[in-house]
Amino acid sequence: MNQAQQPSQVLGVLIPGGVVRTDFLPTDNSGTKFSLVLSGISGADIASVSELVFFLLPGVNLPTDHGAMLYWQIISTTDQTSMDSTPFSDQGPTMTEFELVGAITNDRPSGSFRTGWATNETLSTAINSVYSSITINLGVSIEHISSIKNIGAIKDNTTHVAKKIAVNLFNFMSSFDDGSGGGGNIVVPKNVFDRWLSRFEAKARVDPNFFMKDQSDVPARAM
């Protein structure tokens, strides 16, 4: 199957607790670019969406050695009754640059991906603007698997999350070390794990994805 012969319905997306959407529309004649507007959710409700489930429909395969990369962007529509100028109040729809969510392949035909919308500053500004309304536009690009791997869009998510949590714990423990242990040992209070867990849970209530935003996969002490 070549890229131009893809069936009309190839992909699906789901906000957990919502309905499955499969109405991606082609955005060019290549058969490799698609978009879908997340209608039915807007304003502050957008920030509450922490994950998107992205998948190939049953019986559908992508071209050999290719995958589907999922992106998102903000579409802001101005309230025409206001003449004030803000980053999200120019006349006509305003669209931000696309940001990557994740990718799927024939070998991994579905995935649950963190959005990061709860702490995205640009999105927060748009949501809080009284001069415009916003929606989320999803974009899909069918790319060669080598391109997807090069930007790290495909990962063993369970292992990656566990590693991020372990790094967070290690860095917290290291913050108590005064070097008195010697020989690479860390001296910490007896209740350090309870203190870390309380701190971790408190931060996770505000942003469930906070620990994933540390760009380092190496404990600070090891760098």
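**Exercise 1.** Which residues of strand E9 (residues 110–114) are on the covered face, and which on the uncovered one?

*Solution.* Start with the basis. The model is predicted: local features need pLDDT of at least 70, side-chain atom pairs count only at pLDDT 80 or more, and totals for chains, interfaces and linings use all residues. Residues are numbered from 1 along each chain as its sequence is written, and side-chain values use heavy atoms, without hydrogens and water. Strands are DSSP runs of E with at least two residues, numbered from the N terminus. Now sort E9. Gly111 and Phe113 form the covered face. Ser110, Ser112 and Arg114 form the uncovered one.

**Exercise 2.** Place E9 in its sheet.

*Solution.* Strands pair if DSSP finds at least two bridges between them. The open sheet has four strands in the order E2-E1-E5-E9, paired antiparallel. E2 (20–21) and E9 stand at the edges with a single partner strand each, so one side of each has no neighbour in the sheet. Next, take the pairs. E5 (residues 51–56) joins E9 by five bridges, and Leu52 stands opposite Phe113. E1 (residues 11–14) joins E2 by two bridges, with Leu14 opposite Val20.

**Exercise 3.** Describe the surroundings of Ser30.

*Solution.* First, locate Ser30: the loop between strands E3 (25–26) and E4 (33–37). Next, exposure. Ser30 counts as partly exposed (20% to 50% relative accessible area, 1.4 Å probe, protein chains only), because its relative accessibility is 30%. Then, contacts. A polar contact is a pair of N or O atoms within 3.5 Å, one able to donate a hydrogen and the other to accept it; residues adjacent in sequence count only if both atoms are side-chain atoms. The Ser30 side chain makes such contacts with the side chains of Asp28 (2.7 Å) and Thr32 (2.6 Å). Last, Ile142 is 112 residues away in sequence, yet its C-alpha is 9.8 Å from that of Ser30.
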